[in-house]
Amino acid sequence: MKLSYSISILCEPQTVFPWIAEPKKAMLWQTGVNEEVIIEEKLNMIGTTFKEKMEEDGNSLEIIGEITRYINNKLIAFHLKSKIHELDVVYSIEYFKNVSMLSIESNINWKFPVSIISIFIGRKIKDKIMKQTEMEFAKLKELCEKNDSEI
């Protein structure tokens, strides 16, 4: 399942990027993520591994992640694994005329039995994920623009 979404944020990339790359900040706008632990941090960030715990509707899910690409203030990519899926996520920022355009590209591969369920209700799952992404990015935009105006 491929997903993409973009939002314009009225501040510079160096204000936006830490909200994506720093776990404590990311947890403030990512719904469901309530715990993140760095397993091993690499100097250039690529290869850094972490574990996060998500909770939704009374269900919890542990995800193991690794940073696969990193360009400070421009791009961060993750490979994530859980018992229900594996996914690759890329956040990128383009900057023009005082606006940071933040984009996310995700490719989700569901594991059995969710892979079978997704055949029948894949559209519903995708719509739910997209709605959550829109809400999270709206919160991120608010946090970035508020933070930028306080500087």
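A residue is called buried when its relative accessible area is under 20%, exposed when that value is over 50%, and partly exposed in between. With this in hand, helix α1 makes a good starting point in this predicted model. The helix is mostly covered, since eight of its nine residues are buried. The buried residues of α1 are Pro 13, Thr 15, Val 16, Phe 17, Pro 18, Trp 19, Ile 20 and Ala 21.

Two of these names return when the interior is examined. The largest nonpolar core has 34 residues, and Val 16 and Ile 20 are among those with the most contacts inside it, together with Trp 29, Ile 76, Tyr 91 and Leu 102. Several elements each supply at least two residues of this core: the helices α1 (13–21) and α3 (114–149), and the strands β1 (2–9), β4 (59–71), β5 (75–81), β6 (85–96) and β7 (99–110). Helix α3 gives the most, with seven residues. Ile 20 offers a close-up of the packing. Leaving aside residues up to four places away in sequence, Ile 20 touches Ala 26, Trp 29, Ile 76, Tyr 91, Ile 93, Leu 102 and Leu 140.

The cysteines come next. A disulfide requires two cysteine sulfur atoms within 2.5 Å, and by this rule the count comes to zero. The sulfur of Cys 144 is the nearest cysteine sulfur to that of Cys 11, but it is 4.9 Å away, so Cys 11 is in no disulfide. Cys 144 is likewise in no disulfide, its nearest cysteine sulfur being that of Cys 11. Cys 11 counts as buried because its relative accessibility is 3%. Cys 144 counts as buried too, at 0% relative accessibility.

Helix α3 also has residues that are partly open to the surroundings. One of them is Lys 141, which lies in this helix and is partly exposed because its relative accessible area is 23%. Lys 141 touches Ile 7, Ser 8 and Ile 9, not counting residues up to four places away in sequence. Lys 141 and Ala 26 are 115 residues apart in sequence, while their C-alpha atoms are 12 Å apart in space. Asp 127 is found in α3 as well, and at 39% relative accessibility it counts as partly exposed. From Asp 127 to Asn 109 there are 18 residues in sequence and 16 Å in space, C-alpha to C-alpha.

What about nonpolar residues on the outside? Phe 112, Ile 116, Ile 117, Ile 119, Phe 120 and Ile 121 make a nonpolar surface patch of about 680 Å². Within this patch, Phe 112 lies in the loop between β7 and α3 and is exposed, with a relative accessible area of 66%. The backbone has a special feature here: the peptide bond from Phe 112 to Pro 113 is cis, with omega near 5°. Pro 113 is found in the loop between β7 and α3.

Two further loops catch the eye for their backbone angles. Met 45, in the loop between β2 (33–40) and β3 (49–56), has a phi near 75°, a positive value in a residue other than glycine. Asn 98, in the loop between β6 and β7, is not a glycine either, yet has a positive phi of about 65°. Their surroundings can be told apart by accessibility: Met 45 counts as buried at 16%, whereas Asn 98 counts as exposed at 55%.

Charged residues complete the picture. Side chains of opposite charge can pair when their charged atoms come close. A search of the whole structure finds eight salt bridges. One of them joins Glu 40 and Lys 42, with the closest N and O atoms 3.0 Å apart. Glu 40 is partly exposed at 41% relative accessibility, and Lys 42 is partly exposed at 32%.

Another salt bridge pairs Glu 56 with Lys 128, the closest N and O atoms being 2.7 Å apart. Because Glu 56 lies in strand β3 and Lys 128 in helix α3, this pair ties together parts that are 72 residues apart in sequence. Lys 128 also forms a salt bridge with Asp 57, where the closest N and O atoms are 3.9 Å apart. Asp 57 lies in the loop between β3 and β4, so its pairing with Lys 128 in α3 links parts 71 residues apart in sequence. Through shared partners, Glu 56, Asp 57 and Lys 128 are joined into one network. Glu 56 is partly exposed at 37%, Lys 128 is partly exposed at 47%, and Asp 57 is exposed at 68%.

Note on methods:
Residues are numbered from 1 along each chain as its sequence is written. This is a predicted model: local features need pLDDT of at least 70, side-chain atom pairs count only at pLDDT 80 or more; totals for chains, interfaces and linings use all residues. Side-chain values use heavy atoms; hydrogens and water are left out. Buried means under 20% relative accessible area, exposed over 50%, partly exposed in between (1.4 Å probe, protein chains only). A nonpolar core is a set of buried Ala, Val, Leu, Ile, Met, Phe, Trp, Tyr and Cys residues joined through side-chain atoms within 4.5 Å. Helices (H or I, at least four residues) and strands (E, at least two) are DSSP runs, numbered from the N terminus. Contact means heavy atoms within 4.5 Å. Patches are made of residues with over 30% relative accessible area and no salt bridge: like charges are joined within 9 Å, nonpolar side chains (Val, Leu, Ile, Met, Phe, Trp, Tyr) within 5 Å. Accessible areas come from the Shrake-Rupley method with a 1.4 Å probe; for residues, only the protein chains shown count as cover. A salt bridge is a side-chain nitrogen of Lys or Arg within 4 Å of a carboxyl oxygen of Asp or Glu.
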